[in-house]
Amino acid sequence: FLKGKNIRTILLTIMIIAAASVTANAVVVTAPGYTAEIYATYTDSPKSYSRHMTFDANGNLYVIQQDSGSVWRITPARVASQFASGFTAPYSITWGGGTAYGDYLYVGALNIFKVDLNGNKTYFATQTCTGSLAIDRPGNYGGYLYVGTGCTDDVDKIDTAGNVLPFSAWPGWTDGGEVDAISFDPGTAYGGLMYVASSYTPANASKSGIFKMSAGGTATRFCSNIVASWELAFDNTGLFGGLLYAIGIPSYGSPPSVYTVGVDGVATQFATSSMLNGLGLAFGPDGALYVSEYSSRDGLVIINRI
């Protein structure tokens, strides 16, 4: 039996280890030349699973919290607070500034809403089960807001008035997944094309992974060694090789990691994490890559800056 000072020493050691485990980086960058730090943490009830995230023109980072139906904002000073709430099962978010869609955040939930920079939300378009949102900033696809869905399992475009227009029937109604991410090549290295990510079960593996989409809406598998993907982001900073980055898995049952996907379609592991429950991956105006995680033990959203 341990008494007195020994017990206090053990308890203090346990407390130090517990505190360190919360603040220690779970993201481990496996590519040389990059380092990771914790940018911000916060707790959101009832769970803190984060989903897609985006930056505005002022360097504020916005993160979807699906379980609480809210959007959180992290300022450049690293202050995190709930920004907007009252959404039903929100999943995706994108920033419209610098386009015809104006200085609004667009949030995909059971329908699509636009949110001003004061946190006021208004209805924008009817599109159930929105899995992904992205604006065609390069303009090769008409400059529209594009949406990938999980109920009808297709990709549509939405004009500035909120009218939903058909774009691609791919992948067609399929159980066990959805179109999780859309990203546009900002230059010409990847053909100036739209890229989409989906995450279907092994029973529908032919529709799961990373695909490139023609201007006519035809999808072709792009990445040969990622079987399911939840997030895509092109490096528009020039500091990350100008590559396509993805969160995905190389085989069913393996843990998700962050990958680079070269112009040849081959994915290479960039970073690993034991807590990559969230789907957030975004390049910031400061030239860094941001990745979200969730610690179920500590009930924390952890935003990493690479």
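Okay, let's start with a word we'll need: a residue counts as buried when its relative accessible area is under 20%. Keep that in mind while we look at this one, which is a predicted model.

So, strand β3. How many of its residues are buried? Six of its six, so β3 is mostly covered. β3 covers residues 50–55, and it belongs to an open sheet of four strands, in the order β3-β4-β5-β6, with antiparallel pairing. At the edges you find β3 and β6, the latter being residues 80–84; each has a single partner strand, so one side of each has no neighbour in the sheet. From one strand to the next, the twist averages 30 degrees.

Let's walk across that sheet. β3 is joined to β4, residues 61–65, by four bridges, and the two run antiparallel. If you want a spot to click on, Phe-55 stands opposite Leu-61 in β4. The two strands make a hairpin, with five residues between them. In that turn sits Gly-59, and its phi is positive, about 85 degrees. Further along, β5, which is residues 70–74, is joined to β6 by four bridges, again running antiparallel. There, Ile-74 has Ala-80 in β6 as its bridge partner.

A quick bit of background while you rotate the view. Strands of a sheet pair through backbone hydrogen bonds, either parallel or antiparallel.

Now for another sheet. This one is open too, with four strands in the order β15-β16-β17-β18, and its pairing is antiparallel. Which strands are at the edges? β15 and β18, and each of them pairs on one side only. β18 is residues 219–221. The twist here averages 30 degrees from one strand to the next. β15 and β16, the latter being residues 194–198, pair over five bridges in the antiparallel sense. As a landmark, look for Ala-181, which stands opposite Ala-197 in β16.

Both β3 and β15 come back in the next part, the largest pocket, since each supplies at least two residues of its lining. The others that do so are β7 (92–95), β11, β19 (228–234) and β23 (281–283). How big is the pocket? Its volume is about 840 Å³. It has 33 lining residues, and the closest to the centre are Thr-54, Thr-94, Arg-137, Asn-236 and Phe-283. And what's the lining made of? By class, it has 20 nonpolar residues, ten polar and three charged.

Last stop, the cysteines. How many disulfides does the structure hold? One. It's formed by Cys-129 and Cys-151, with their sulfur atoms 1.7 Å apart. Cys-129 lies in the loop between β10 (121–125) and β11 (130–135), while Cys-151 lies in the loop between β12 (145–149) and β13 (155–158), so the pair ties together parts that are 22 residues apart in sequence.

Are those two buried or exposed? Somewhere in between: Cys-129 counts as partly exposed, because its relative accessibility is 23%, and Cys-151 counts as partly exposed too, at 32%. Then there's Cys-223, which is buried, because its relative accessible area is 1%.

If you're opening the model after this, I'd begin at the hairpin of β3 and β4, then head for Thr-54 and its neighbours on the list around the pocket centre, and finish at the disulfide between Cys-129 and Cys-151. That's it from me, thanks!

How values were computed:
Residues are numbered from 1 along each chain as its sequence is written. This is a predicted model: local features need pLDDT of at least 70, side-chain atom pairs count only at pLDDT 80 or more; totals for chains, interfaces and linings use all residues. Side-chain values use heavy atoms; hydrogens and water are left out. A disulfide is a pair of cysteine sulfur atoms within 2.5 Å. Buried means under 20% relative accessible area, exposed over 50%, partly exposed in between (1.4 Å probe, protein chains only). Two strands pair if DSSP finds at least two bridges between them. Axes are lines fitted to C-alpha atoms, for helices over the stretch in contact, and angles run from 0 to 180 degrees between N-to-C directions. On a 1 Å grid over the protein atoms alone, a cavity is a set of points where a 1.4 Å probe fits but cannot get out, and a pocket is an open set with protein on both sides within 12 Å along at least five of seven lines; lining residues have an atom within 4 Å of a point. Grid points are joined across faces, edges and corners, and a volume is the space filled by probe spheres set on the points. Ala, Val, Leu, Ile, Met, Phe, Trp, Tyr, Cys and Pro count as nonpolar, Asp, Glu, Lys and Arg as charged, and the others, Gly among them, as polar.
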